[in-house]
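Q: Could you walk me through how the features of a model like this one are to be read?

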Amino acid sequence: MSTSLLILFSVVEAALLIAVLALALIRIRARLLGVAGLLTRLAELVGSVEGNLRLIAPTVPRVNAPLRDIVGALPSIAAMAETVADG
């Protein structure tokens, strides 16, 4: 093979490599843009949940107090239920 043909093949190979790398980068960019869109939507949803939690935060202690009483009573209720079940 002549030197000029080898040079031509080298240039074509380099051009093909650049084209493949460019195509890969374009596809990666498209995927990253898709992920960015999903993350933006996720951030909006998390912000919405956070806003709702701020609204209910003051009522949580009032709800939890009776629940603590119920949890405290459960062992004795379970013992009574076991006694009734054993007959």
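A: We can start from a pair of residues: E50 forms a salt bridge with R54, the closest N and O atoms being 3.1 Å apart, where a salt bridge is a side-chain nitrogen of Lys or Arg within 4 Å of a carboxyl oxygen of Asp or Glu. This is a predicted model, in which local features need pLDDT of at least 70 and side-chain atom pairs count only at pLDDT 80 or more, while totals for chains, interfaces and linings use all residues. Residues are numbered from 1 along each chain as its sequence is written, and side-chain values use heavy atoms, with hydrogens and water left out.

Q: Why are E50 and R54 separated by about one helical turn?
A: In general, side chains of opposite charge can pair when their charged atoms come close. Here E50 and R54 lie four residues apart in helix α1, so about one helical turn separates them; helices are DSSP runs of H or I with at least four residues, strands are E runs of at least two, and both are numbered from the N terminus.

Q: Are E50 and R54 buried or exposed?
A: Buried means under 20% relative accessible area, exposed over 50%, and partly exposed in between, with a 1.4 Å probe and protein chains only. E50 is partly exposed at 42%, whereas R54 is exposed at 57%.

Q: How many salt bridges does the structure hold?
A: The structure holds two, and E44 with R41 forms one of them, the closest N and O atoms being 3.3 Å apart. E44 is partly exposed at 46% relative accessible area, and R41 is likewise partly exposed at 46%.
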